[in-house]
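Please look at the following structure together with its sequence, and keep both in view while you read the explanation below.

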Protein chains: 2
Amino acid sequence: MATGRTHRPATRSRGIPEATVARLPLYLRALTALSERSVPTVSSEELATAAGVNSAKLRKDFSYLGSYGTRGVGYDVEYLVYQISRELGLTQDWPVVIVGIGNLGAALANYGGFASRGFRVAALIDADPAMAGKPVAGLPVRHTDELESIISDNGVSIGVIATPAGAAQQVCDRLVAAGVTSILNFAPTVLAVPDGVDVRKVDLSIELQILAFHEQRKAGEDVNQPGQGARTTASRTGSTRPAGAAAARDGRKGPDGDVPAVMPA
Amino acid sequence: MATGRTHRPATRSRGIPEATVARLPLYLRALTALSERSVPTVSSEELATAAGVNSAKLRKDFSYLGSYGTRGVGYDVEYLVYQISRELGLTQDWPVVIVGIGNLGAALANYGGFASRGFRVAALIDADPAMAGKPVAGLPVRHTDELESIISDNGVSIGVIATPAGAAQQVCDRLVAAGVTSILNFAPTVLAVPDGVDVRKVDLSIELQILAFHEQRKAGEDVNQPGQGARTTASRTGSTRPAGAAAARDGRKGPDGDVPAVMPA
DNA sequence: ATGTCTTTGTGAACGCGTGCACAAAGATGG
DNA sequence: CCATCTTTGTGCACGCGTTCACAAAGACAT
């Protein structure tokens, strides 16, 4: 999960659990694919497989939306596409601004998934005056000075931050002050926002680090105890101190070259 | 959060909960920043604030790694940086290949967070022959034909997929066959992989859809009728679909089909 | 040494999410 | 109209994750 929710203690929004909301786009994608192939109905089992989830979970998720299935038959594909789209708020058009038109910002601007899903890129904004006017993905890049007026004029409520980490909080503040209440943050920083503003974070390097953890674990399984049965609940309580912890403490001395000292920009 | 875990029923890897592992990179980032400012020690409260989490949660997370703090004082910044780096497997150098050098792939290649955090981009791979040899982020793009040999020669175990959705599964299969056991997938597709292979998914459009859901909820708190725009100023252009299932049932639903032909590529 | 003060480490309770398993509902065929 | 078969919708139990609250541990001053 490259995800990170800020605030919001897992509030059950209108009775729909957060975990379910996070899966609805997944279902929607699978359903849209079926729709394009003119498949009229689909069972929870088939759809679950296509979406990569458990069928019981899928049925429970749908039960939060209402009883949209027919027992013995399954779900009407078109109908379900509409219901989920409506629930997610995709039946309306959301104007979005992207701030920070570097490599990533340009990639986002060109991302087809936005336009095709109820989102419209209202403007691309960058702080570099040299970028101003330059067309990216068919849109002229606007300068940061125009940020407030762009948001106000277009009624933008969702902003995407693709700036360097150092500029993110400042951009965030301006977006919020101008009226944006939902932010998708690609900068590797924790954003501080007032209550009522949603922030979702996508952090590329964090995802890789999590993968590295599991990769290391796989590699170390052979070296250490190859025990398949090593998953006992034995170490549940008590300090599960790794055997090498004591030795590691010796290395405390200081400046090891191992530790990368450079933050990602 | 742009994250999505595939498979793996929340296995508690070596006693460290998945949720904790996912937060370690966050702590590491905050700690590295402190380290650069030569801060010697930090309390759980301060660090928790910097990382954007609850202090009790942070202490419990660290307790899974061992007792690395000093009561009454806090945690030694340098020592903790090393411990977390080691736990995440970042004290070694992970060679990574990026497949699909479109907009997103190029952005990833240029992303500083990779190189500075124990990851090394071993190669950039693209299926387009016209791209071959072209330098991106200082590396010459290699053709897909070389995929297997690149992975084998460099001992790559982590692959990043930034191709269009249609090519993702095929690329994935080849990566896995060549020996890759961890995949970071940016293509909007559910990847099927054999046991033992980890897949993490980053899906840009899903994140936006989740934001839209909450945004709609905020806007519609007073209004019951769906499809109500949030901000009062601008008229929300668009497809305010005639409510009702009937309208939905006559072909062509929402924006348009999913699976954008052009991926974040 | 002794007392005070700060901060960690964790036991325990609670709530959310997941998955099983099954009854109810409806389709379908005779 | 009845029997059978398929698939939904959900009650229930279980486990993970989060949070509170506090005792234990150490630093520091006197």
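Which side chain has an N or O atom 2.8 Å from a phosphate oxygen of DNA strand D? In this predicted model, the side chain in question belongs to Arg23(B), a residue that is also listed among the closest to the strand, together with Ser44(A), Arg59(A), Tyr75(A) and Arg71(B).

Chain A has polar contacts with the strand as well: a polar backbone atom of Gly69(A) lies 3.1 Å from a phosphate oxygen of DNA strand D, whereas the side chain of Arg71(A) places an N or O atom 2.9 Å from a base oxygen. Taking the atoms of DNA strand D that are within 4 Å of the protein, 63% are part of sugar or phosphate, and the rest are part of bases.

We can now turn to the protein surface that faces the strand. There are 26 residues around DNA strand D, and they comprise 10 charged, 9 polar and 7 nonpolar residues. At least two residues of this surface come from each of several elements, which in chain A are helix H3 (55-65), strand S2 (69-70) and strand S3 (74-76), and in chain B are helix H1 (18-36) and helix H3 (55-65). The most is given by H3(B), which supplies 4 residues.

Finally, consider the confidence of the prediction. The average pLDDT of chain A is 82, and 78% of its residues score at least 70. Over residues 1-13 of chain A, however, the pLDDT is below 50, although this stretch has 46 contacts in the model beyond near neighbours in sequence. Residues 224-265 of chain A also stay under 50, and for them the model has 47 contacts beyond four places in sequence.

Note on methods
Residues are numbered from 1 along each chain as its sequence is written. Chains are lettered from A and ligands numbered from 1 in the order in which they are written. This is a predicted model: local features need pLDDT of at least 70, side-chain atom pairs count only at pLDDT 80 or more; totals for chains, interfaces and linings use all residues. Side-chain values use heavy atoms; hydrogens and water are left out. A residue is near a molecule or strand if one of its heavy atoms lies within 4 Å of it. A polar contact is a pair of N or O atoms within 3.5 Å; within protein, one must be able to donate a hydrogen and the other to accept it, and residues adjacent in sequence count only if both atoms are side-chain atoms. Ala, Val, Leu, Ile, Met, Phe, Trp, Tyr, Cys and Pro count as nonpolar, Asp, Glu, Lys and Arg as charged, and the others, Gly among them, as polar. pLDDT is the predictor's confidence in each residue, from 0 to 100. Contact means heavy atoms within 4.5 Å.
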